[in-house]
Each structure stands twice: as structure tokens, then as C-alpha cells.
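Hello,

Here is the structure we talked about passing on. Please open it alongside this note, and read the findings below as you look.

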Amino acid sequence: MSDDDGGSRLRGGIATGVGSWPGTDPREAAATLVGELPDLAHLPESPARGAGSDMVGRASALLVDIRLDTTTRGYRLATRPGAIARRAHDLLRTDLDALEEAWELAGATGTGRVVKVQAVGPLTLAAQVELANGHRALTDPGAVRDLSESLAEGLATHAAEVSKRLGAAVVVQLDEPSAPAVLEGSLRGASVLNTVRALPEPEALHILDTVVTAQSGPVLVHSCATEPPLRFLRGSAAAAIGFDLAAIATGDLDAVGELLDSGKLLALGLVPTAAPPVPPTWRRLAEPGVRLIDRLGFGRRTLTDRVLVTPACGLASAPLSWARRALELSSDIARAYADDPESLTFD
């Protein structure tokens with residue numbers, strides 16, 4: 001991935017979604033996202049449709065020569081393609097067809113617009129998928145290597161197909177909610193007698209970058225974890241790092257500043273995934289992002305040049321009405337950041 005690619009496809013002062021979306025109608029989802037997110041729409045995930053449609057299940061449609069099946073606890077590596085692998089593939093095809101239709105209806109084909117695709121990151125995938133013996137794939141270095149290499153190849157092929165079908169540049173997002181647990185060694189084993197070792201940061205970084213560097217365009221790594229591993233992610237080859245700003249404590253401020261100093265963009269989760277008791281205004285939700293940049297000592301133009309605005313996490317569990325409103329608020333905040341951040345004042 002070149003710096004030119006990152007600069008031309010991913011920029012600050014815009015809004016995007018995290019990935020998951022409520023409901024089961026792919027056409028409605030695609031039409032909403034293309035309409036509400038003109039600068040960076042994304043291919044939705046609709047986990048309400050069941051196995052094969054969630055973040056980990058969708059990986060079965062992306063992996064090369066590796067398939068997943070279900071167990072009572074989640075997903076397991078399968079020796080041959082089964083019903084879940086076929087279902088994941090069919091659901092992805094359906095979602096791509098719906099996105100292509102919405103893209104054409106919006107007149108976006110050939111306009112230079114950018115689209116984002118999401119996939120589970122390799123650390124979370126290895127943490128959540130089981131081996132045939134019931135242990136997490138993370139406990140087997142060979143399985144982790146195979147998964148990361150397979151995901152890297154399959155995701156690059158997927159992004160290329162989306163680019164060709166839509167005539168658009170593609171940004172790839174990797175979701176790593178389990179990254180902190182992988183690094184800390186806090187994942188439960190198959191039984192109380194089994195432990196899952198903490199993965200050393202250099203090893204974890206190599207696994208993550210195996211997928212990041214295989215992509216032809218910029219990569220955004222997003223973590224909805226309550227304590228996102230910002231310093232670890234700073235060392236990755238990703239162009240942007242996304243997280244819920246509400247999860248950032250005072251002790252994390254230096255790490256956020258280091259991300260900006262390193263040249264990475266921030267995808268700040270500023271809009272809650274559930275409707276607050278009192279309907280929020282875009283100005284109130286924009287305030288924490290402005291105060292963050294001020295406190296770190298960066299100029300307000302950083303909000304224009306280096307910050308994307310997103311909901312705090314995926315919206316799959318939100319009512320459809322709030323999911324749509326969350327995108328509207330994200331777009332309003334991003335517009336304010338892009339237009340005149342210096343003029344933003346708060347009581």
C-alpha cells in the first residue's frame with residue numbers, strides 16, 4: 001500500500017459506518033448506506049440473518065481454501081465446505097448485488113466515489129474460531145499463520161471484485177475487538193485446565209500486518225474493545241485506527257497523540273449505538289472530538305484532515321430508526337469538522 005493510495009482513498013472530514021446494520025433486508029441496507037454516507041459508504045453486515053452473516057461467519061466466504069462450520073459455541077475450522085460455508089458465500093453475493101444496485105441507482109458508478117468493505121481481523125478470527133479438537137485456533141501457530149495468509153489473499157480478491165463491480169476505489173476495514181484479550185492472554189481455554197497464552201506483540205503485529213500489507217488500498221483497523229490497544233495498533237501498517245472515543249481514559253491520551261504523530265488517521269466513534277434518553281444534537285456529540293484535539297495540542301484543522309466520524313461501534317442491535325439517525329448525526333459532525341472547525345464553540 002502506497003502513501004498515494006492512502007491519501008487518495010481515505011481522508012479526514014468525512015463520515016462512515018463501522019459495519020453491522022440492523023434488519024435482514026440487504027437492498028434497504030445498501031440503499032440507506034449509499035444515500036447517507038456519500039463520502040465513504042460501506043458494504044453492510046446484517047447478523048440478524050443468522051449463522052454465516054455475522055463478522056466471523058462472513059470470513060468463511062472470504063478465506064481461501066479454508067472453511068468454517070458451526071458448533072454449539074460458535075465456529076470451527078472445517079475439513080470441507082459445508083452448509084455454513086455455502087450460506088456465507090450466498091449471503092455475501094446477495095449483499096454485493098444489493099450494493100451494486102444501490103450504487104447504480106445513486107449514479108455513483110464512475111464518479112470516483114470510495115467504498116469500504118469490512119472483515120474480521122486475523123487476531124480476532126484466530127481467537128474466536130476453534131480447531132477440530134475444540135481449542136481456539138490461536139493456540140496453534142500453524143493454524144494462525146494459515147488463517148492470516150488465507151484471509152489476506154481472500155480479502156484482497158474480495159476488494160478487487162468490489163472495485164470492479166462498482167467502479168470505485170476500496171478501503172478495507174479490519175475489525176479487531178478481541179485484540180486486547182489476545183495480547184493480554186485473558187481468553188478462556190477449552191476447559192479450566194487449558195490456558196491461552198498471551199501473544200507477544202511482535203508476533204501479533206506480524207499476523208495483523210500479514211493481512212494489512214496484502215491489500216492494494218488503505219486499511220482501517222477498528223476495535224470496539226473497552227480498552228482498545230492503541231499503542232499496539234500504532235505499530236501496524238494500517239493507515240487509520242478506529243475506536244469508541246468514550247472508551248478512552250485520561251491515561252490513553254498520549255497514545256492517541258502518538259497515533260496522530262505517526263501519521264495515522266483516526267476514525268472516532270462519537271455517536272452512540274443506542275438512542276440516549278434525550279435526543280442528542282450533532283453539536284453535543286461533536287464536542288468530545290474537538291476537546292480531544294484541543295487537549296492534545298493539535299490544531300483544529302486536524303479534525304478536517306485526519307479525523308473520520310463514525311458511530312461508536314456496529315449498529316446491528318439498534319432500532320432501524322436510530323441506526324439511520326446515527327448516520328445522519330455522524331455526517332453532520334463530519335461536515336462541521338470539515339467546514340470550519342475553528343468556529344466550533346461549546347458552553
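**The small sheet first**

Four bridges join strand 2 to strand 3, and the two run antiparallel. One pair to look for is leucine 68, whose bridge partner in strand 3 is leucine 77. Four residues lie between the strands of this hairpin. Glycine 74 in the hairpin takes a positive phi near 155°. Please keep in mind that this is a predicted model.

Strand 3 (residues 75-78) also pairs with strand 5. Here there are two bridges, and the strands run parallel. Tyrosine 75 has valine 129 of strand 5 as its bridge partner. Put together, three strands form an open sheet in the order 2-3-5, with mixed pairing. Strand 2 (67-70) and strand 5 (129-130) are the edge strands, each pairing on one side only. As background, strands of a sheet pair through backbone hydrogen bonds, either parallel or antiparallel.

**Helix 4 and its partners**

Helix 4 (residues 83-105) packs on the sheet. It touches strand 2 and strand 3. Its direction makes about 110° with that of strand 2.

Helix 4 also packs with helix 6 (residues 141-166). The angle is about 30° and the axes are 10 Å apart. Angles under 35 degrees count as roughly parallel, so helix 4 is roughly parallel to helix 6. Their crossing is right-handed. On the helix 4 side, the residues that meet helix 6 include Leu92, Leu96, Leu99 and Trp103. On the helix 6 side, they include His158, Val162 and Leu166.

**The cores**

The largest nonpolar core has 103 residues. Which of them touch the most other members? They are Leu125, Leu174, Val221, Phe243 and Tyr337. Leaving aside neighbours within four places in sequence, leucine 125 is in contact with Val56, Ala59, Leu63, Val120, Leu147 and Leu151. There is also a second, separate core of eleven residues. Leu40, Val114, Val171 and Leu220 are among them.

**Histidine 222**

One last residue to find is histidine 222, in strand 7 (residues 219-223). Is histidine 222 buried or exposed? Its relative accessible area is 2%. Buried means under 20%, so histidine 222 is buried. Not counting residues up to four places away in sequence, histidine 222 touches Val18, Gln173, Leu174, Asp175, Glu176, Gly242, Phe243 and Ala312. Two of these names, Leu174 and Phe243, also appear in the list of core residues above.

Best wishes

Technical notes:
Residues numbered from 1 in each chain as written. Predicted model: local features only at pLDDT ≥ 70, side-chain atom pairs only at ≥ 80, totals over all residues. Heavy atoms only, no water. Buried < 20%, exposed > 50% of the residue type's maximum accessible area, 1.4 Å probe, protein only. Contact = heavy atoms within 4.5 Å. Pairing = 2+ DSSP bridges. Axes fitted to C-alpha atoms, helices over the stretch in contact; angles between N-to-C directions. Core = buried A, V, L, I, M, F, W, Y, C linked by side-chain atoms within 4.5 Å. Parallel < 35°, antiparallel > 145°, perpendicular 65-115°, else oblique. Left-handed = near helix turned anticlockwise from the far one by under 90°.
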